[in-house]
Amino acid sequence: MILILKANIDHGGKDYQRLVQQLAQLENVKTSEHQVTGEQQSLTEIYLLGDTQSLDINDMQQLPGVERVVRISDEYRILGRHKDDKRVSGFDYNGVRFDQQSLNIFAGLCAVDNEEHVDIMMQALQDLGQVCTRMGAYKPRTSPYSFQGHGAACLPFVFEQAGRHDIKVIAMEITHESHIDEINEALEKTGQPTGVMLQIGTRNTQNFELLKCVGRQKVFPVLLKRGFGITLEESLNAAEYLASEGNSKVVFGLRGMKTNMGDPHRNFVDFAHVPVIKRLTRMPVCIDPSHSVGSRDTAPDNILDVMHITAQGIIAGANMVLVDFHPAPSKALVDGPQALLLDELEYLLKDTGIAYKAYQDRVKLAKQRR
Ligand code: PEP
Ligand code: MN
């Protein structure tokens, strides 16, 4: 059960104090408090966990400071979209809105190789008014002999360049909890020039200890990629780990499933699950067409497969696109063959704009029928 408190309730005030006292008297019920920051206001939600079946929803509604009560099912308690649930969803981070209506493009380097390429990439983004990017510093690689990413060493110049080019949010994968401290330190040292969205890669979707650490920090929002060989339900439960530890600023990422049924694509494109995730949860949904397709193959209509499936995801309601670019793909240290070229950035933005407009028109059409 979730108690949604009155907007901007005073935590030092009488109502709040009385509420806390009354909740403490409930037997076999634990409480956990979460702040939800919406577009207009900040809300406090109190989760009642444990023996809540016998609690009467009307009684709970009468408690001091309570605005609304939602009874939740066991599944995806915090991130789930429960019946009759009109709770706010999404979040703002560093001036950028993430929710189930918005669309943000994160074009950038799969792996940071050198400062020059970071500069060229970010300049191209800035020229086209983009404020988000992806920059890989910690790379989980199949072979121990492959380039593992520059790690903490590249963070200062990546963050400084981001500040210089007005980048507000960088999606950056981490593979160990110590990386959170390294990112924090580098941001501090460089004067907080940008924001970071911590990315949990598909190989770590069920690294529960990492999820708990990332969930305990509330500074950075999180992009959790779906595990490439587990069910959707298992991956959504992984997202719930983050929220249950306190961080519900979570974007859920689809990046294709590992099976040879997807050949010749690198992974089997699973963007048909965009509307499913939006129905089951309140998370914004990200698609990663680069790691799904894995190549620059082009269809006879001259459209790259990467662009085709990006459009498919967006026309189905995707809210974020994580896409690999590189100024010189043949020199890229990771995933060069799937990288788009910088002179394709403007084209990608136009193409995604068409798909997004089509999605919005489809939503309008569906509304007219109701
Ligand atoms: C990535 O985005 O660079 C990446 C490694 O993705 P995934 O975890 O989906 O393989
Ligand atoms: Mn990659």
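## Exercises: a sheet, some rings and a metal site

F98 counts as buried because its relative accessibility is 1% (buried means under 20% relative accessible area, exposed over 50%, partly exposed in between, with a 1.4 Å probe and protein chains only).

Before you start: this is a predicted model, where local features need pLDDT of at least 70, side-chain atom pairs count only at pLDDT 80 or more, and totals for chains, interfaces and linings use all residues. Residues are numbered from 1 along each chain as its sequence is written, chains are lettered from A and ligands numbered from 1 in the order in which they are written, and side-chain values use heavy atoms, leaving out hydrogens and water.

**Exercise 1.** Work out how the rings of F98 and F106 sit against each other.

*Solution.* Start with the rule: rings of Phe, Tyr and Trp (its six-membered ring) pair if their centres lie within 6.5 Å; planes under 30 degrees apart are stacked, over 60 edge-to-face, and the rest tilted. The structure holds 3 aromatic pairs. In the pair F98 and F106, the centres are 6.1 Å apart and the planes 45° apart, so the pair is tilted. Next, look at F106: it counts as buried, at 0% relative accessibility. Finally, add F91, which forms one aromatic cluster with F98 and F106.

**Exercise 2.** Find the strands at the edges of the open sheet of 8 strands.

*Solution.* Strands are DSSP runs (E, at least two residues), helices likewise (H or I, at least four), both numbered from the N terminus; two strands pair if DSSP finds at least two bridges between them. Write down the order, β7-β14-β13-β12-β11-β10-β9-β8, with parallel pairing. Now read off the ends: β7 (104-108) and β8 (132-134) each have a single partner strand, so one side of each lacks a neighbour in the sheet. To check β8, see that it pairs with β9 (residues 169-173) over 3 bridges, in the parallel sense. One of the bridge partners is I170 in β9, matched with T133.

**Exercise 3.** Which residues coordinate the manganese ion (ligand 2)?

*Solution.* Donors are N, O and S atoms within 2.8 Å of the metal (3.2 Å for Na, K and Ca); water is not among the atoms, so sites may look incomplete. Here you get C110 (SG), H291 (NE2) and D335 (OD), at 2.0 to 2.4 Å. Their spacing in sequence is C-x180-H-x43-D. C110 lies in the loop between β7 and α3 (115-127) and H291 in helix α9 (residues 289-293), so the pair ties together parts 181 residues apart in sequence. Last step: C110 is buried, with a relative accessible area of 4%, and H291 counts as buried at 8% relative accessibility.
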